[in-house]
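Biologist: Please take a close look at a single strand and describe its surroundings in full.

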Amino acid sequence: MGTIGIIGAMDEEVDVLRGEMEIKEVKSIANMKFYIGNIDSKGIVLVRCGIGKVNAAICAQILISELNVNAVINTGVAGAINDDLDVLDIVVSKDVLYHDFDVTGFGHKLGEIPRMERSIFSADYDLVEKAWDASKKTLEKHDAIKGRIVSGDIFVSDFKIKKSLLENFNADCTEMEGAAIGHTCYVNNIPFVIIRSMSDKADGSAHNNFNEFVQEAANNSKDIVKLMLK
Ligand code: ADE
């Protein structure tokens with residue numbers, strides 16, 4: 001598969017993987033540090049992109065155009081939308097889309113990007129299977145599903161917004177980067193997968209749950225990525 005780009009949005013998500021890495025070189029581009037090296041003799045570039053869609057898209061494009069990665073994995077945490085999901089369960093992306101792209105005033109469906117041939121970006125089948133397999137093997141007490149991830153520049157902590165994400169998009173979970181990474185990979189014809197561990201349930205308790213579970217959730221995602229690379 002060549003070199004794999006691994007993106008996390010926050011230090012919590014990236015530091016655990018960097019600790020497992022043999023770092024050969026560090027490049028600073030666009031305020032981001034790209035760690036180039038290996039995990040278990042697999043070539044990777046690890047980077048913290050920062051929070052939100054624009055940071056994520058900038059980062060994915062640099063990985064592809066300047067650092068020549070052949071695939072992109074995004075790992076981290078998310079808020080659960082599907083009621084069957086518990087904190088620390090895993091969602092592996094079947095597909096991703098934006099929940100805050102709104103051109104409904106021109107008759108487009110919510111989330112639809114006008115004048116683009118698609119607005120829902122499908123993850124790579126093989127990467128999804130590998131991630132799901134690795135999730136099932138890694139998780140002892142928690143579940144993993146293949147599902148839909150919706151992204152927007154919103155930390156969802158309101159039951160009404162959560163409900164709308166289920167009703168409008170049939171989303172399984174929400175976060176703030178995955179669709180931008182999927183979009184960037186799609187226009188560059190690069191395979192991708194998003195792996196998210198649930199840190200909260202995107203409701204009124206989301207802030208508290210996020211703080212309590214973010215590290216454990218990020219750790220689980222790290223273990224899954226490591227097993228996938230093997
Ligand atoms: N990442 C983790 N939890 C989230 C939430 N509730 N909304 C958006 N991004 C998140």
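Modeller: The following account treats one strand, its pairing and the ligand beside it.

This is a predicted model, in which local features need pLDDT of at least 70 and side-chain atom pairs count only at pLDDT 80 or more, while totals for chains, interfaces and linings use all residues. Residues are numbered from 1 along each chain as its sequence is written, and side-chain values use heavy atoms, with hydrogens and water left out.

Strand 5 covers residues 71–80; strands are DSSP runs of E, at least two residues long, numbered from the N terminus. Ten of its ten residues are buried, so strand 5 is largely enclosed by the rest of the structure (buried means under 20% relative accessible area with a 1.4 Å probe, protein chains only).

As for pairing, which requires at least two DSSP bridges between two strands, strand 5 runs parallel to strand 10 (residues 192–200), joined by eight bridges, with I73 opposite V193. Strand 1 (residues 4–8) also pairs with strand 5 in the parallel sense, over four bridges, and there G5 stands opposite V72. The pairing with strand 9 (residues 173–175) is antiparallel, over two bridges; T174 is the bridge partner of G79.

G79 also leads to the ligand, since a backbone N or O atom of G79 lies 3.2 Å from a ligand nitrogen atom. For D200, an N or O atom in the side chain is 2.6 Å from a nitrogen atom of the ligand. Strand 5, strand 9 and strand 10 are the elements that give two or more residues to the shell around the ligand, and strand 5 gives the most, with three residues.

Key. Buried < 20%, exposed > 50% of the residue type's maximum accessible area, 1.4 Å probe, protein only. Polar contact = N/O pair within 3.5 Å; in protein donor to acceptor, adjacent residues only side chain to side chain.
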